[in-house]
Each structure stands twice: as C-alpha cells, then as structure tokens.
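Here are some notes to read alongside the model. They go from single residues to helix pairs and then to the cores.

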Amino acid sequence: MHRRRGRQDPVSCQLCRIKKLKCNRVQPCSNCTARGIDCSFLVPPQRQTATTPPSHSIPELLGRIERLQSMVSRQAPVESISSEVVSNGRHPTQPNLASAANDAVLDHHRAWERESESLENIGTREDSLLPCLSSGLAFRTNSTSEILHSQPSFQIPIPAPNTSPTNNDTIVVFPDYRVAIQLFDNYESRVNHMCRILHTPTVRSLIKAFYLRLKQRQPVPLGQAALLLSLFALSAFFYHPSVDSEVATTGQEAVSLSKALSKGALDVLDHARRSTSGTLEDIQAYILMSFVTFHLDGFSARGRILSTMAISIARDLRLHRLDADDQAKETEPSIRVLIDREIKRRVFWHITTSDWLYATISGPQEGMYFIHPNHIGVNLPRDCLDDDVVMGEDDDSINPRPNGVTFFLERVRLAHLCREMADIVPLETAKLMGMQYESIIALDKKLEAFISSLPFFLSLDTDSRTRSKRLETIYPHIPVMRCAITHAAHSRRCKLHQKFLLRQSLDPRYAYSRRACLESARAVIRAYEEIPGHESPTYATARMGMAIHYMHLAVVVMVMDLCFNRDQADESEIKADVRTVLKKFQDSRGVSLLPDRFLRSLCDILKKHGVYLGVPQTSTADDGSSMTYETRAAYVNGGGDQVQFAQYDANLHVSGDVADPSFDEFWQFVVQGEPNLDSTPWDNMFSALDSRPL
C-alpha cells in the first residue's frame with residue numbers, strides 16, 4: 001500500500017488565505033509587498049522543485065538550435081523555412097518548430113521597428129531647443145491665513161528645473177505640510193469618487209517626498225507641483241469648514257483658498273507648457289483644474305480649454321495607444337508598471353468621455369469631439385479600488401460596487417451614446433427636420449435603456465432609492481454620484497428632443513418629444529433636490545456649478561414649453577416646477593454668480609412673452625426694455641416676496657449686466673406679433689439661452 005503523498009506546493013500566506021487572494025507563495029508575497037504589511041506563513045514556503053523537462057537526445061537539441069540560429073540570421077519567412085526543410089528531406093521532429101522560429105523573427109522585426117520609430121521621432125517629444133519662453137518660478141509654503149491675507153511669513157525660492165531665481169520669478173505658494181495632508185484627506189473622502197484619475201497611495205507618498213524636497217530647497221518637478229496645487233484647490237472648494245479648522249473656518253474662506261491655490265496651479269501649468277513637453281502629472285492637473293473651473297465658473301470656455309490641453313498632452317504621450325503598442329505587452333510587469341498603466345487608462349478614458357459628453361451639451365463645442373473611437377487602443381480600467389489595482393483577480397462578492405470606478409464606467413457607457421448622438425443628429429434645424437423622426441426615437445430608446453440599466457444605487461426610482469438607503473450610511477457619496485449621472489443622462493435626452501418640443505402642433509408625433517423633455521427635466525430637478533447638504537442643501541449644491549448648469553438646462557425646457565405650448569393640461573404643474581427652480585437660484589446667489597445670471601435671463605424671457613408663474617402684478621411696462629429687479633420678482637413669485645438680486649463685491653467679479661441687447665432686440669421683434677414656430681430664430685434664441693453663462 002502506497003503512503004499518501006505529502007503536499008509539494010507551499011501553502012498561501014495568512015493575508016492571502018483570509019482575503020482569498022492568489023498568493024505567489026514566496027516570502028514576502030506580492031500581495032503583502034503591495035500593501036506594505038508583514039507576510040507570514042503557517043508553514044514556511046519551500047523552494048519548488050524544477051519540473052523534469054521532456055526527454056530529448058543531445059543531437060536532436062543541437063540540431064534544433066542550429067536550425068533556429070540559421071533562420072534568424074537569414075531573416076527567412078516561415079514559408080521559406082518550411083520549403084527548406086522539405087528540400088533537405090528532413091521533417092521537423094517538433095510540431096511547434098515553425099511557430100517558435102516565427103516568434104523569434106517577429107521579435108527581431110519589432111526591435112527594428114522600435115529603433116526606426118525612435119529615429120523618426122527625434123525632436124518630436126524632447127523639450128524645446130529654444131530658450132525658455134517664460135519667467136521662472138519660486139515656490140514657498142505659507143499657512144492658510146497667510147495665503148488668504150497675502151502676508152507670507154517666509155520665502156524659500158526654489159528654481160524650476162533649468163531656471164535660476166530672479167526678481168522676475170513668479171511666486172507660487174503651497175499650504176504648509178499639515179494643511180496639505182488635511183486637504184488630501186478631504187479630497188480622498190469627498191472628491192476622489194467623482195474623479196478617479198489618481199492612485200491615492202502613490203499621491204500620499206508623493207506629497208511627503210515633494211515637501212521634503214521643498215524644505216531642502218531642491219528643485220521639484222513642475223508636473224508634480226501642478227498636480228498637488230490643483231488637487232489642493234479642488235479639495236479646498238469642497239472642504240467643510242469648522243471653527244477650529246486649520247484649513248478654513250467659513251465657506252467663504254474655503255472658496256478663497258481654492259481660488260488662491262488655483263492661481264498657483266495655473267501659473268505652474270503655464271510655465272510647464274512653455275518649457276517642457278508635458279507629463280502624466282500635467283494631464284491630471286489640467287483635469288483637476290477643469291473641475292475647479294467648472295464648479296467656480298460653470299461650463300465656461302476656460303474650463304473647456306483646460307480639458308482640451310489635457311487631450312493634447314495625452315496624445316503626445318501616446319496614451320491612446322497604451323494597450324496597442326508591442327512594448328506594452330510585457331510578460332511579467334512590475335507592480336509599479338501595473339499601477340502606472342491602470343492610472344493611465346483611467347486618465348485617458350476620463351478625457352475621452354468628457355470629450356464625447358461635451359459634444360452633446362449647449363455651447364460652441366456642441367456637435368464636435370476630438371478623439372475618434374477608431375484611433376483608440378486602450379483597455380477600460382478595472383472596476384477595483386486603488387488598494388486592489390495590483391491584484392490579479394477582482395472580488396465579485398459585491399457586484400455592482402458602489403464606488404467611484406463603477407460610476408466612472410457608467411459615465412463611459414453614456415459617453416458612447418453621446419458620441420453616437422453627435423454623429424447622427426445635425427445641428428442645423430433644416431437638416432434635423434429633414435431626417436427621419438424614427439432615428440430620434442431610436443436614440444431616445446438607447447438613452448432610456450441606459451437609464452434603466454444603471455446600478456440600483458445610481459437609479460432614481462423609488463425601489464432603487466429604498467435599496468440604496470442601506471448602503472448610503474457606508475458610502476455617503478452615493479447621492480452625489482446619482483445626481484451626476486442622472487444630470488448627464490437626462491440633460492442629453494432633453495437636448496435630443498428640444499427642437500421637436502417647439503413643433504408638436506405641426507406633427508402629432510412630436511408630442512412624444514414633449515413628454516420626453518418634461519420627464520427628463522423633472523428627473524434633473526429631482527436629483528438636484530436629493531443631494532444632502534452641509535449647513536443646508538442649497539449651500540452644498542449651489543457650490544457645484546455644473547449641477548446648477550444642468551438645472552438651468554432643465555428649466556429652459558419648461559420655459560420653452562410654457563412659451564410655445566399654451567393651454568396644456570399640465571401647465572400649472574410646470575409653472576410650479578419653474579417657480580421652485582427659480583426660487584432655488586434665488587437662494588443660491590450668495591455662493592455663486594451663476595444663479596443670478598440664470599435668474600436674470602429666464603425672468604426677462606418669461607416677462608417679455610407674458611408668462612406669469614403666479615398671480616401677476618397689476619401693470620408692467622410692455623416695451624422691449626429690461627425689467628427692473630422688482631418687476632422680475634413679480635414674474636417669479638406672482639406678487640409675493642420679491643427676489644432681491646445680489647450686488648456682489650469686487651472679490652466675486654460681479655457683473656451688473658442684465659439681458660443682452662440681442663435678447664432685447666429679438667423680443668422687441670417678437671412681441672409685435674404671434675411667434676412663427678417654424679422660424680429658426682426661435683431655435684437659435686433658446687440655444688443661446690441654455691448656453692448663456694458660457
């Protein structure tokens with residue numbers, strides 16, 4: 001009777017056994033090394049015995065080696081190799097001989113191609129040979145109060161690479177190390193789930209090393225400086241102040257700190273643009289600064305330009321060929337390579353989805369995108385947390401996962417639909433009216449299918465909300481992600497049907513577009529209202545400039561319906577919805593300039609078209625001039641409490657403008673007679689209205 005054979009393979013370490021990970025059974029194993037913890041085994045790992053190779057005679061092996069060397073030296077294709085074997089009367093003893101030879105030849109060809117490509121690209125990626133086209137930078141650290149009051153306590157001039165400090169250097173201020181760590185912690189807990197382009201453990205280590213170099217007066221990489229400043233600026237914008245906080249004690253201090261750090265980040269990016277070729281950190285900094293700009297300034301040209309700069313640098317770094325290039329296919333890449341490659345995938349797909357999403361929102365960029373899908377050779381990111389990036393297997397025990405990467409991948413799905421919309425739907429009204437309405441319905445069905453297939457914690461229906469409530473105590477960022485994806489999807493659905501909304505009297509089929517527009521507009525408003533606030537719901541959501549912009553697009557649809565589709569059965573309900581949104585804009589004016597801009601334009605249009613949201617005032621001037629603030633209030637509240645339009649101080653860059661002259665002239669023309677629903681000026685006017693803050 002044979003004795004039972006003992007275990008030859010070593011057992012897994014304790015961590016891999018507990019977490020059910022694949023252990024490589026060396027001490028320390030790769031999983032423990034990646035997490036920075038001790039690796040312990042119940043049974044010490046043993047060296048694995050080498051497997052016995054298949055038996056071949058020495059003459060046979062020598063013959064194979066000789067034939068392979070001869071094939072590689074002659075660069076012979078596989079077909080000629082086969083014919084040579086046949087002519088010599090020798091049949092290969094191993095069936096995979098031709099395949100092995102072919103692989104060797106291909107590897108040699110790839111090496112030649114890399115050398116050729118390297119020669120061809122000389123001068124295309126190196127830093128400029130011209131002298132520096134920008135003044136130098138000097139970095140220093142200050143406390144938050146000193147940054148806000150512009151009273152530096154000490155200065156440490158640090159020259160940027162290849163520059164010398166002079167009196168003309170631009171001073172860039174960083175918060176001190178303690179504040180920097182608090183801002184990063186705040187970013188990780190409140191912002192990271194909306195912008196998954198960083199590997200947070202790597203960035204935490206980067207902050208420590210960066211400040212150490214800064215204190216030792218050593219040069220620091222410009223890309224790293226820009227990345228940290230943009231991260232701190234975005235975190236400060238979403239920081240929840242407290243009385244004893246070192247970062248900000250009031251909301252105004254948090255916004256002011258965000259603006260000060262944003263200025264420093266833009267200064268560094270401008271210097272890097274003039275003196276370097278761009279790095280991955282530059283792309284990440286441009287992305288984060290576009291977030292800051294969109295939330296401070298709405299969907300503005302400034303933010304779109306920052307996003308375009310990220311696309312340009314990504315193209316120069318060949319991120320679009322990340323998983324297509326031969327050199328990227330390493331057999332056993334290191335942990336650092338795995339992390340870098342995964343973050344590059346996240347960065348590339350973030351700028352790609354943003355590019356495609358922007359193509360279907362009002363503004364000068366509407367109808368155009370930069371990145372073509374046929375040019376992309378990048379895999380989608382894995383749905384895993386930063387700590388699990390280097391793991392070979394994903395934990396499917398919770399699927400789908402209520403994390404930022406799941407939201408990220410849903411955003412990618414929506415972006416593909418938006419790109420399809422941009423390709424199919426023409427911008428010109430005449431061409432749009434000439435296309436088959438069934439094509440619009442088909443796109444609408446795809447958007448509906450996307451919305452209905454969202455994970456339950458990102459859905460707005462009552463059952464999904466009830467299920468997600470249990471998760472929101474553990475994942476408090478779920479409502480913000482739900483609002484963001486809802487706004488993005490339903491605003492595109494409104495945009496798809498917007499021009500048909502004006503023409504339902506011409507074709508009864510267009511009544512479907514009216515229902516779709518109003519349904520999606522109400523969904524946008526409902527998602528906005530469900531974001532939990534800090535001091536108040538209005539305070540938190542008003543600081544999200546993009547959320548306010550989507551709210552504006554939703555209320556534009558309702559205003560269009562009130563102006564053109566008179567005497568509808570749900571008119572009073574729509575007026576109530578518009579009145580609610582305008583009241584929210586009124587309550588939000590103290591935080592952002594955007595609500596006041598929206599409120600002015602919408603109230604002017606409602607008045608000039610004679611649409612009252614409540615009980616109208618007894619008399620108003622019916623000329624084409626802009627309304628006074630008190631008259632506007634009557635059209636919002638119907639004679640109730642009046643809207644007090646804010647008079648901002650110089651720090652908020654207030655504009656006291658009212659309706660643009662172009663709007664006044666247009667309305668002066670319109671009030672002279674009944675509007676012509678077939679005329680393109682109506683489409684142009686409302687297109688200008690929903691992109692007015694841009």
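1. Contact here means heavy atoms within 4.5 Å. The model is a predicted one. With that cut-off, Pro201 touches Asp386 and Asp387, once residues up to four places away in sequence are set aside. Pro201 and Asp387 lie 186 residues apart in sequence, yet their C-alpha atoms are 7.7 Å apart in space. Pro201 itself is found in helix H8, residues 200-215. Is Pro201 buried or exposed? Neither label applies: at 33% relative accessibility, Pro201 counts as partly exposed.

2. Overall layout. The protein chain has 26 helices and 2 strands. Of its 694 residues, 48% count as buried. Take the contacts in the chain with a separation of 6 or more: residues 24 or more positions apart account for 71% of them.

3. Cys384 sits in the loop between helix H13 (335-358) and H14. Its relative accessible area is 1%. Buried means under 20%, so Cys384 is buried. Along the chain, Cys384 and Val405 are 21 residues apart. Their C-alpha atoms are separated by 6.8 Å.

4. Arg419 belongs to helix H14, residues 404-424. Buried or exposed? Arg419 has a relative accessible area of 16% and is therefore buried. Which residues does Arg419 contact, leaving aside its neighbours within four places in sequence? They are Trp356, Tyr369 and Pro373.

5. Helix H16 (residues 437-452) pairs with helix H19 (residues 511-529). Their axes come within 12 Å and cross at roughly 30°. Angles under 35 degrees count as roughly parallel, so H16 and H19 are roughly parallel to each other. H16 passes H19 in a left-handed crossing. On the H16 side, the contact uses Tyr437, Ile441, Asp444, Lys445 and Glu448. On the H19 side, it uses Tyr512, Ser513, Ala516 and Glu519. By class, this contact has 4 nonpolar, 1 polar and 4 charged residues.

6. H19 also meets helix H22, residues 571-587. These axes come within 12 Å and cross at roughly 35°. The crossing of H19 past H22 is left-handed. H19 brings Arg514, Leu518, Arg522, Ile525, Tyr528 and Glu529 to the contact. H22 brings Glu573, Ile574, Asp577, Thr580, Val581 and Lys584. What is the make-up of the contact of H19 with H22 by class? Its residues divide into 5 nonpolar, 1 polar and 6 charged.

7. The largest nonpolar core has 109 residues. Which of them touch the most other members? They are Phe139, Phe174, Phe232, Val268, Ile287 and Leu414. Helix H9 (residues 222-237) supplies the largest share of this core, 12 residues.

8. Ile287 deserves its own entry. Not counting residues up to four places away in sequence, Ile287 touches Cys195, Ile197 and Ala310. Val347, His350 and Ile351 are also among the residues that Ile287 touches.

9. A second core is separate from the largest one. This second core has 40 residues. Phe294, Val524, Leu562 and Cys563 are among them.

Note on methods
Residues numbered from 1 in each chain as written. Predicted model: local features only at pLDDT ≥ 70, side-chain atom pairs only at ≥ 80, totals over all residues. Heavy atoms only, no water. Axes fitted to C-alpha atoms, helices over the stretch in contact; angles between N-to-C directions. Helix = DSSP H or I, 4+ residues; strand = E, 2+ residues; numbered from the N terminus. Parallel < 35°, antiparallel > 145°, perpendicular 65-115°, else oblique. Left-handed = near helix turned anticlockwise from the far one by under 90°. Nonpolar A, V, L, I, M, F, W, Y, C, P; charged D, E, K, R; others polar. Core = buried A, V, L, I, M, F, W, Y, C linked by side-chain atoms within 4.5 Å. Buried < 20%, exposed > 50% of the residue type's maximum accessible area, 1.4 Å probe, protein only.
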